[in-house]
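Here is a short report on one protein chain. Please look over the sequence and the fold before reading on.

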Amino acid sequence: MMKRANRFRDIFWHVGVLIAVGIFVLSGCATKKYVEEQITPVENRVSKTEADISKLSDGVASNESKIEKVETELDQADAKADRALSTFGDLRLERRQLLDMRQGANFAVNSARLADEAKQSIDLFLDNLKDRIPKSASPIFLVAGHTDNTGPEDVNFKLGECRAESVKRYLITKKGIDPLSVVKVSFGETSPIVRNDTQKDRAKNRRVEILVYGEEITQ
C-alpha cells in the first residue's frame, strides 16, 4: 500500500515538472515574439534616420559646391578690379574749353535787356555746340557779363552781373539747359576786347560771353 502511494506521488511530481517546463517554454516563446515586435519598429526608425542623414549629407555637399563656385567668381571679380586699379593712376579728370562765344550777345548802353539779335546769336552758338560736345562730357556754361568803361566801376560791375543773369535765364528757361550747369560771373569794365576809344568799340565791349567747358577722363 505504501509503495503504491509513493508511485502515485512520483507520477504527480513528474507531471508537475512537465507542466512547469511547458509553461516555461511557452512563456519563452511569447517573450521572444514580444521582443521581436518591439525591436522591428525601432530598426525601421533607425533605417529612416540613416536615410535622412545621407540626404542631409548630399545637401551639404551641394551647398559646399555652390560656395566654391561663388568664391571662384569673387576671385575673378577681384582680379578684374586689380587690373582696373593698376591703370587708374594713368587717368585724370580734365576740364577743357570746348567752344566760346565772345561776340554777338551785345547790349545797349546801361541796359541788361537781351535783344532779339542777341538771342539769335546765342541760338546759333548752341546749334554749333551740339556737334562739338562729346557724349561723355558734362558741359559747364560759364556766362560772363562785360561793360564799356563809361560810368563808375562798381556800377559797371553790377551791370555786367545783370547782363550775365539775363543770358543765364534765357539758357535755362528757353533753351532747356540744366540750371546746375550754368555759372554766371561779372567782369564789369575790366576785360574789354577792344579799346573804348570810339562808340563802335564801346558797343563791342558791352557784351556777354558764353564759354563752354567739358570734363573728360583722359589717359
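## Overall layout

The chain holds 4 helices and 4 strands. Read from the N terminus, the order of elements is α-β-α-β-α-β-α-β. The model is predicted.

The chain has 219 residues, and 22% of them are buried. The structure contains 8 salt bridges.

## Helix 1 and its acidic patch

Helix 1 covers residues 2-88, and E68 is found in this helix. E68 belongs to a surface patch of negative charge, together with E64, E71 and D75. The relative accessible area of E68 is 52%, so this residue is exposed, the cut-off being over 50%.

## The loop after strand 1

Strand 1 (92-101) and helix 2 (116-130) are joined by a loop that includes N110. The backbone of N110 stands out: its phi is near 55 degrees, a positive value in a residue that is not glycine. Most residues other than glycine have a negative phi. N110 is exposed, at a relative accessible area of 62%.

## A salt bridge within helix 2

D127 and K130 pair in a salt bridge, with 4.0 Å between the closest N and O atoms. Both residues sit in helix 2. They are 3 residues apart, about one turn of the helix.

How accessible is D127, and how accessible is K130? D127 has a relative accessible area of 44%, so it counts as partly exposed. K130 reaches 62% and therefore counts as exposed.

## Helix 3: span and burial

Helix 3 runs over residues 153-173, which makes 21 residues. From first C-alpha to last, helix 3 reaches 30 Å. That is close to the 30 Å expected at 1.5 Å a residue.

Which residues of helix 3 are buried? They are N156, L159, G160, R163, A164, S166, V167, K168, Y170 and L171. The list includes the charged residues R163 and K168.

D154 also lies in helix 3. D154 is exposed, because its relative accessible area is 58%. The C-alpha atoms of D154 and E189 are separated by 9.4 Å, although the two residues are 35 apart along the chain.

## Helix 3 meets strand 3

Side chains of opposite charge can pair when their charged atoms come close. The side chains of E165 and K184 form a salt bridge, at 2.7 Å from N to O. This pair links distant parts of the chain: E165 is in helix 3, whereas K184 is in strand 3 (residues 182-188). The two are 19 residues apart.

E165 has a relative accessibility of 23%, so it is partly exposed. K184 is partly exposed as well, at 30%. Both values lie between the cut-offs for buried, under 20%, and exposed, over 50%. The pair is also part of a wider arrangement: E165, R169 and K184 are linked in a network of salt bridges.

## Another exposed pair

R195 and D197 join their side chains in a salt bridge of 2.9 Å, N to O. R195 and D197 are both exposed.

## Charges in brief

The charged residues appear here in two settings. In the patch, E64, E68, E71 and D75 gather on the surface as negative charge. In the salt bridges, opposite charges meet, among them D127 with K130, E165 with K184 and R195 with D197.

Technical notes. Residues numbered from 1 in each chain as written. Predicted model: local features only at pLDDT ≥ 70, side-chain atom pairs only at ≥ 80, totals over all residues. Heavy atoms only, no water. Patch = residues over 30% accessible without salt bridge, like charges linked within 9 Å, V, L, I, M, F, W, Y side chains within 5 Å. Areas by Shrake-Rupley, 256 points an atom, 1.4 Å probe, with all protein chains shown as cover. Charge placed at Lys NZ, Arg CZ, Asp CG, Glu CD. Buried < 20%, exposed > 50% of the residue type's maximum accessible area, 1.4 Å probe, protein only. Expected span 1.5 Å × (residues − 1).
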